[in-house]
Amino acid sequence: MRTWPALEIRQADDDDLIQAFLIDFNLAAIKDSRFFFHNVDDRDRAAMALRAHFPGIDPRPMDVPDEDWATRSQAALRAVTVGVLTIAPPWDVAGRLKPAPTYVGAGFSQPSTIVIEPSMGFGTGHHATTRLCLAALQRLDLRGRSVIDVGTGSGVLAIAARRLGATGVLAVDDDPDAIAAAEANVKRNQESRIALEVADFRSAKIGQFDLVIANLTGGLLIASADRLESLAIPGGRLILSGFMDHEERAVLGAFGGCALEARAEEDEWVCVSLIAPSGPP
Ligand code: SAH
């Protein structure tokens, strides 16, 4: 089996600095406290340079057997751009860090970067459904709007909604690890007005929002359609994704009271934007 030359670096307070530093050494992937390189030379050069620049740390060289994750985490090493938003891992932000986009007339005039740690939870921009949701968010005018991000994962869509002008976002996830990751990402991106809650949206007591965004699964969207619809104000919007084109009819059927406003597809994954009914019939 192929192995990856790696450095294990424990007690690293300067995680971001070290990651940025190691990019110059042809870094292949990062997982937990291990940094993987494409070849032994790069690894050994990196170890020497690290010791010189960060006297406090002691990188331990090792060779780690290849597993699936290596290929997967490699993909997550690059930044992804959707419209005005770039989702970047912490080590690929050089020269990209930009303030929030400014909204001029019918569109945005200026791009913005959101930094997401790939090892933390689902939602790095490397899944088609996350990209579709990021594009769908940019089709709406979110200025002054309230948003709920149902199943926030890494928090990427909640942060995106704020960047696009939403006044406040409630981000819920029933996975405490996801909420911890989202919290770290919110802080990393210096965002505010994002409330994070560990909760199952099906049973939690939550109010109503101008926009409901839910990147879940087809099955869950269908089974909880009434609940999700009730989270939107009358005439509000829902952005739904996480389902495939063969599930689309069933999903749209479950949200039968809503009107279809927009639809997009990538690699058989679908995202729809719906308008909630404007009041009791
Ligand atoms: N919003 C992110 C992550 C989507 S992954 C993105 O678009 O990239 C879906 C998330 O929904 C996961 O983090 C999962 O933990 C969460 N989730 C699944 N079922 C849930 C439920 N019943 N209540 C709250 N969160 C749920």
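## Exercises around Arg43 and its neighbours

Leaving aside residues up to four places away in sequence, Arg43 touches Pro5, Ala6, Leu7, Phe37, Pro61, Met62 and Asp63; contact here means heavy atoms within 4.5 Å. Before we dig in, note that this is a predicted model, where local features need pLDDT of at least 70 and side-chain atom pairs count only at pLDDT 80 or more, while totals for chains, interfaces and linings use all residues. Residues are numbered from 1 along each chain as its sequence is written, and side-chain values use heavy atoms, with hydrogens and water left out.

### Exercise 1: Placing Arg43

Task: Find the helix that holds Arg43, then work out whether Arg43 is buried or exposed.

Solution:

Step 1. Look in helix α2, where Arg43 is found. Helices (H or I, at least four residues) and strands (E, at least two) are DSSP runs, numbered from the N terminus.

Step 2. Check the accessibility: Arg43 counts as buried because its relative accessibility is 7%. The cut-offs are under 20% relative accessible area for buried, over 50% for exposed, and partly exposed in between (1.4 Å probe, protein chains only).

Step 3. Now follow the side chain. One of its polar atoms lies 3.4 Å from the backbone oxygen of Ala6. That's a polar contact: a pair of N or O atoms within 3.5 Å, where within protein one must be able to donate a hydrogen and the other to accept it, and residues adjacent in sequence count only if both atoms are side-chain atoms.

Step 4. There's a charged partner as well. Arg43 and Asp63 meet through their side chains in a salt bridge, 3.8 Å from N to O. This pair ties together distant parts of the chain, with Arg43 in helix α2 (residues 40–53) and Asp63 in strand β4 (residues 60–65), 20 residues apart. A salt bridge is a side-chain nitrogen of Lys or Arg within 4 Å of a carboxyl oxygen of Asp or Glu.

Step 5. Asp63 itself counts as partly exposed, at 47% relative accessibility.

### Exercise 2: Reading the sheet

Task: Give the strand order of the open four-stranded sheet and say which strands stand at its edges.

Solution:

Step 1. Strands of a sheet pair through backbone hydrogen bonds, either parallel or antiparallel. For counting purposes, two strands pair if DSSP finds at least two bridges between them.

Step 2. Read off the order: β2-β3-β1-β4, with antiparallel pairing.

Step 3. The edges belong to β2 (27–31) and β4; each has a single partner strand, so one side of each has no neighbour in the sheet.

Step 4. Add the twist. On average, neighbouring strands of this sheet are turned by 30 degrees against each other, direction ignored.

Step 5. Zoom in on β1 and β3, which run antiparallel and are joined by three bridges. Ala6 stands opposite Phe36 in β3.

Step 6. Put the helix on: α2 packs on the sheet and touches β1, β3 and β4, with its direction making about 5 degrees with that of β1. Axes are lines fitted to C-alpha atoms, for helices over the stretch in contact, and angles run from 0 to 180 degrees between N-to-C directions.

### Exercise 3: Tracing salt bridges from Glu8

Task: Which residues does Glu8 meet in salt bridges?

Solution:

Step 1. One partner is Arg10, with the closest N and O atoms 3.1 Å apart. Glu8 counts as buried at 5% relative accessibility, whereas Arg10 counts as exposed at 51%.

Step 2. Another partner is Arg34, at 3.2 Å from N to O. Here Glu8 sits in strand β1 (residues 3–8) and Arg34 in strand β3 (residues 34–37), 26 residues apart, so the pair links distant parts of the chain.

Step 3. Arg34 is partly exposed, with a relative accessible area of 30%.

Step 4. For the wider count, the structure holds 14 salt bridges.

### Exercise 4: Two cysteines

Task: Why is there no disulfide between Cys133 and Cys271?

Solution:

Step 1. A disulfide is a pair of cysteine sulfur atoms within 2.5 Å, and the structure holds zero of them.

Step 2. The sulfur of Cys271 is 4.4 Å from its closest cysteine sulfur, in Cys133, and so too far for a bond.

Step 3. Both residues are buried: Cys133 has a relative accessible area of 0% and Cys271 one of 1%.
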